[in-house]
Amino acid sequence: MRHGVRAGLGLVLALLTTAVPAGAAYAGTTGGSPGTPEPQVRAVSGPAPGAVTGLAAGAPFKLPYPAGQRYTVTQTPGSGYSHNDDYNRHAVDFAMGTGTAIVASAGGTVHYAGWTDGGGGNQVLINHGNNRCTQYAHLSSVSVRAGARVAQGQRIASSGATGNVTGPHLHWNVVHCSSFLSREIPNTVESGTSYPTGSAPLSQNRPGSSTRPDLERVSDWSGDGKADVLGVDAKGRLWYYPHTGNALSSPVQLGHGWGSFRHVMAADWSGDGKADILGIDSGGKLWYYPHTGNRLGARKEIGHGWGSFRHVMAADWSGDGKADVLGVDAKGRLWYYPHSGNGFGARKQIGHGWQSFRHVKAADWSGDGKADVIGVDSGGKLWYYPHNGNALSSPVEIGHGWGSFRHVMASDWSGDGHADVLGVDSGGKLWYYPHSGKGFGPRKQIGHGWGSFRFVM
């Protein structure tokens with residue numbers, strides 16, 4: 001890092017409002033063809049999450065990249081090049097290419113996430129208590145929001161070369177949260193406080209359970225940790241209705257021409273902390289429309305052969321911070337398509353007998369950072385199917401009387417890390433059913449005039 005890293009105000013993106021559809025607001029790389037018959041079912045590979053163990057006395061942190069990886073130290077604490085001022089004197093720089101996974105060194109609460117002036121570019125600060133923050137700077141993208149709780153080993157960002165740099169790397173430090181001033185050399189299980197230039201310490205940082213992950217991004221267009229509502233109206237226009245705390249504010253039109261789509265979903269495919277749009281067109285092609293700040297970017301085809309699917313949903317099944325896709329095929333089989341970077345890995349069957357369900361949705365009901373499945377059966381009963389690692393556990397009935405609802409959605413409206421349920425009834429009223437532990441609290445009307453919408457998410 002060439003200059004001091006200071007907090008600053010990043011660019012504020014303002015969404016331009018457009019006319020409200022009548023009565024809708026309420027005041028107060030191609031791949032992953034699902035058509036391939038009977039593919040081999042295999043478990044998704046990867047390190048198994050477990051409890052944080054073996055923390056050495058005085059060493060609360062682990063290295064800021066995933067277990068089993070090594071990256072070379074290019075600047076050590078106190079380096080005469082740029083680690084000799086009040087903002088950087090305790091920092092460590094690791095050489096790593098843009099897009100490398102950055103993980104939390106310890107559990108805590110995100111103090112800051114986004115752009116900063118002063119040379120640090122995109123940064124994340126995680127507060128571990130007593131005004132003590134780990135700092136991760138020069139990031140290409142961030143995957144968490146301010147106020148979110150994160151676990152040790154949870155992915156929080158991707159490395160990059162933003163701000164004042166000579167090349168892509170990670171700048172890592174322990175600072176005072178309030179001022180960004182350098183506080184102490186990071187003391188890790190792997191290296192203690194010794195980071196010789198040219199060394200490449202091996203990380204032991206696996207996901208931990210000491211702090212619940214907070215990665216729910218289904219329908220969270222704004223990226224503030226609370227679900228918004230998006231919908232395609234009868235004319236095929238795509239609208240975004242911002243969450244304002246207790247209700248929805250005036251909508252913003254994001255697109256048009258969506259009337260012929262078979263399925264439309266909103267979830268964080270890119271891993272930047274904000275929902276993108278995925279849609280299946282009339283020809284069965286699956287498209288990804290990236291969130292670019294206040295609109296949708298150029299679409300990319302990520303699958304084909306989806307035309308016969310009864311239900312398709314996008315949510316983070318794997319818990320890596322990026323949405324996967326789940327779908328119920330014509331025979332009622334439930335499939336999981338893992339996000340593999342630019343497309344999908346080999347699909348896995350995680351259920352059957354779903355052909356009679358009226359609604360099937362995926363979102364994190366349990367609050368463990370991984371999507372569960374929620375469905376309304378032919379009798380109008382609402383069921384919760386817990387994610388148990390590689391499949392679904394026995395269902396739990398969490399409601400009844402949902403048979404007449406036009407739309408049912410699951411997303412974290414309250415921002416507490418647990419999915420709530422929203423529904424549009426037969427009269428077009430939009431209701432919010434808060435997650436209350438094992439069921440729902442009293443419902444609240446948050447909209448009306450939704451009866452003619454083709455999709456609500």
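## Exercises on a predicted model

A search of the whole structure finds one disulfide (a pair of cysteine sulfur atoms within 2.5 Å). The model is predicted, so local features need pLDDT of at least 70 and side-chain atom pairs count only at pLDDT 80 or more, while totals for chains, interfaces and linings use all residues. Residues are numbered from 1 along each chain as its sequence is written, and side-chain values use heavy atoms, with hydrogens and water left out.

### Exercise 1: the disulfide

Task: find which cysteines the disulfide joins, and where each of them lies.

Solution.
- Step 1. The bond joins cysteine 133 to cysteine 177, with an S to S distance of 2.0 Å.
- Step 2. The pair links distant parts of the chain, 44 residues apart: cysteine 133 is in strand E6 (residues 132-139), and cysteine 177 is in the loop between strand E10 (169-176) and strand E11 (182-184). Strands (E, at least two residues) are DSSP runs, numbered from the N terminus.
- Step 3. The link is right-handed, with 110 degrees about the S-S bond.
- Step 4. Cysteine 133 is buried, with a relative accessible area of 0%, and cysteine 177 is buried at 2%. Buried means under 20% relative accessible area, exposed over 50%, and partly exposed in between (1.4 Å probe, protein chains only).

### Exercise 2: the largest nonpolar core

Task: state which residues of the largest nonpolar core touch the most other members, and which strands supply it.

Solution.
- Step 1. A nonpolar core is a set of buried Ala, Val, Leu, Ile, Met, Phe, Trp, Tyr and Cys residues joined through side-chain atoms within 4.5 Å.
- Step 2. Of the 33 residues in the largest one, Leu334, Trp354, Val373 and Trp402 touch the most other members.
- Step 3. Strands that each supply at least two residues include E19 (311-315), E20 (324-328), E21 (334-337) and E25 (382-385). E25 gives the most, with four residues.
- Step 4. Not counting residues up to four places away in sequence, valine 373 has contacts (heavy atoms within 4.5 Å) that include Trp317, Leu326, Leu334, Trp354 and Trp383.
- Step 5. Another core, of 23 residues, lies apart from this one; among its members are Tyr71, Ile126, Ala148 and Leu170.

### Exercise 3: strand E21 and its partners

Task: describe how E21 pairs with E20 and with E22, and what its two faces carry.

Solution.
- Step 1. Two strands pair if DSSP finds at least two bridges between them.
- Step 2. E20 and E21 pair in the antiparallel sense over four bridges, and glycine 327 stands opposite tryptophan 335.
- Step 3. The hairpin of E20 and E21 has five residues between the strands, and there glycine 332 takes a positive phi near 85 degrees.
- Step 4. E21 pairs with strand E22 (residues 348-351) in the antiparallel sense over three bridges. Here tryptophan 335 stands opposite glutamine 349.
- Step 5. Both faces of E21 are covered: Leu334 and Tyr336 on one side, and Trp335 and Tyr337 on the other, are all buried.
- Step 6. Arginine 347 lies over the face of tryptophan 335, at 3.6 Å from the ring centre. The rule requires NZ of Lys or CZ of Arg within 6 Å of the ring centre and within 35 degrees of the ring normal.

### Exercise 4: aromatic pairs

Task: classify the pair of tryptophan 269 and phenylalanine 344, then the pair of tryptophan 317 and tyrosine 336.

Solution.
- Step 1. Rings of Phe, Tyr and Trp (its six-membered ring) pair if their centres lie within 6.5 Å; planes under 30 degrees apart count as stacked, over 60 as edge-to-face and the rest as tilted. By this rule the count comes to 28 aromatic pairs.
- Step 2. Tryptophan 269 and phenylalanine 344 are edge-to-face, at 5.4 Å centre to centre and 75 degrees between the planes.
- Step 3. Tryptophan 269 lies in the loop between strand E15 (263-267) and strand E16 (276-280), and phenylalanine 344 in the loop between E21 and E22, so the pair ties together parts that are 75 residues apart in sequence.
- Step 4. Tryptophan 269 and phenylalanine 344 are buried.
- Step 5. The rings of tryptophan 317 and tyrosine 336 have centres 5.7 Å apart and planes at 40 degrees, so this pair is tilted.
- Step 6. Tryptophan 317 is buried at 3% relative accessibility, and tyrosine 336 is buried with a relative accessible area of 3%.
- Step 7. Trp269 and Phe344 also belong to one aromatic cluster with Tyr288, Trp306, Phe309 and Tyr337.
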